[in-house]
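Here are some questions and answers on a protein chain. Look at the sequence and the structure before reading on.

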Amino acid sequence: MNNLLDILNKSVNYLEKQKVKNARLTAESIIAEIMKMERIMLYAEFERILSEDELKKIRGKLNEVVNKLKEKKISGDNNFENTVKSEKQLKLLLDKSIQYLEKNDIVESKLIAEIVFSHVLNIDRMMLFTKYRDDIEDEKIEKIRYFIQKIGREKFPVQYLLNEQEFYKRKFYVDKGVLIPRQDTEILVEKMIDILKTKISKNQVHPKILDIGVGSGIIGITAALEVESSYVLGVDISEKALEIAQKNKEILKVSNIKFLKSDLFENVEFKQFDMIVSNPPYISLNEVGIMSDDTLLHEPSEALFAENDGLYFYYEICQKAFDYLADFGYLLFEIGYKQGKNVSEIMKNFGFKNIDVIQDLAGLDRVVIGQKIINKIES
């Protein structure tokens with residue numbers, strides 16, 4: 001049959017046999033382009049019959065991909081492999097690694113290559129230049145080669161390869177069970193710590209914080225470490241995420257935080273938190289097309305996407321947060337750059353006061369803050 005689903009599956013099988021990485025994503029992108037439709041809509045119209053002209057164009061595009069892959073494999077991979085075998089000097093290997101990543105369309109190729117070399121050689125990234133003339137041992141060259149090629153070929157995030165990401169000047173363990181921590185989230189953490197230190201801590205010996213959707217634990221653990229008198233509870237529905245958060249707790253030796261499996265507030269019994277903070281899934285399904293390949297292919301989709309134009313979890317959290325906050329307690333969210341107005345309105349509708357939108361360094365809306373105030377006298 002020539003229906004859309006049948007052709008899609010045949011295209012995927014063909015690309016897989018030709019050893020094309022990410023075969024399904026590639027096939028979906030090609031067919032969506034030929035059919036002039038969004039990739040996410042392919043499965044909604046799976047019974048649609050394709051014309052001979054459309055089939056011809058799809059076959060042509062598939063063959064182009066395969067041929068380009070063969071050319072790149074010869075000119076790119078072999079060049080890199082030959083260099084690794086013939087040259088051992090750090091600077092030469094680093095330059096070739098950067099070139100290889102650039103040929104494979106990896107963003108921030110220089111930074112990523114330096115991170116890999118720094119990790120394998122156990123040298124601070126900023127000090128690599130002091131070792132430029134040194135030769136690298138064969139075993140370490142092979143390790144670097146494996147990492148660089150996996151990043152280039154599979155768009156595999158370097159953070160998952162090395163199982164670490166720096167956040168707020170600390171190294172956190174990460175793997176494919178959680179999102180990779182972003183620098184944008186430091187805006188949320190900065191504001192959280194500022195509030196805890198300048199407002200809550202004046203009146204509370206031990207401010208109590210609830211981190212909803214704890215993930216790798218970066219927000220809750222950072223709060224616990226930066227505000228040592230605090231008590232933090234991190235909740236998540238994902239057991240894998242909770243395992244990683246617990247691992248980071250042990251690595252960083254944090255005593256004032258604990259974790260609980262809970263679907264939002266479901267298993268949370270305490271109802272007098274001084275602060276609730278969350279970086280929930282907030283990407284709309286309509287924004288799939290603008291996501292990077294490494295994010296779509298490797299990061300957990302349940303931690304990225306949300307229904308209702310990405311606003312689902314803001315509604316769910318706001319409608320119950322009031323019951324779990326002490327009077328004058330704060331609710332803080334990380335948001336998408338288009339969501340400041342909508343999330344502010346949601347918080348307002350559920351009774352929050354002193355609502356404020358904080359922008360990131362690029363001038364984009366990044367954090368929304370609200371306060372529970374039921375007394376007549378406002379702080």
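Q: The charged end of K271 sits over which ring?
A: A charge sits over a ring if NZ of Lys or CZ of Arg is within 6 Å of the ring centre and within 35 degrees of the ring normal. In this predicted model, where residues are numbered from 1 along each chain as its sequence is written, local features need pLDDT of at least 70, side-chain atom pairs count only at pLDDT 80 or more, and totals for chains, interfaces and linings use all residues. Side-chain values use heavy atoms, with hydrogens and water left out. The charged end of K271 lies 5.1 Å from the centre of the ring it sits over, that of Y324.

Q: How far is the charged end of K247 from the centre of the ring of Y173?
A: K247 has its charged end over the ring of Y173. The distance to the ring centre is 4.9 Å.

Q: Is R366, which forms a salt bridge with D184, buried or exposed?
A: A salt bridge is a side-chain nitrogen of Lys or Arg within 4 Å of a carboxyl oxygen of Asp or Glu, and R366 and D184 meet in one at 3.6 Å, N to O. This pair links distant parts of the chain, 182 residues apart: R366 is in strand β9 (residues 365–371), and D184 is in the loop between β2 (170–172) and α8 (185–203); helices (H or I, at least four residues) and strands (E, at least two) are DSSP runs, numbered from the N terminus. Buried means under 20% relative accessible area, exposed over 50%, and partly exposed in between (1.4 Å probe, protein chains only). At 7% relative accessibility, R366 therefore counts as buried.

Q: Which helix holds both E142 and R145?
A: E142 and R145 form a salt bridge, with the closest N and O atoms 3.5 Å apart. They lie 3 residues apart, about one turn of the helix, and that helix is α6 (residues 138–154).

Q: Why is the pair of F167 and F172 edge-to-face?
A: Rings of Phe, Tyr and Trp (its six-membered ring) pair if their centres lie within 6.5 Å; planes under 30 degrees apart count as stacked, over 60 as edge-to-face and the rest as tilted. By this rule there are 8 aromatic pairs. F167 and F172 have ring centres 6.3 Å apart, and the pair is edge-to-face because the planes stand at 75 degrees.

Q: What share of the 379 residues is buried?
A: F167 is one buried residue, with a relative accessible area of 1%. Across the chain of 379 residues, the buried share is 49%.
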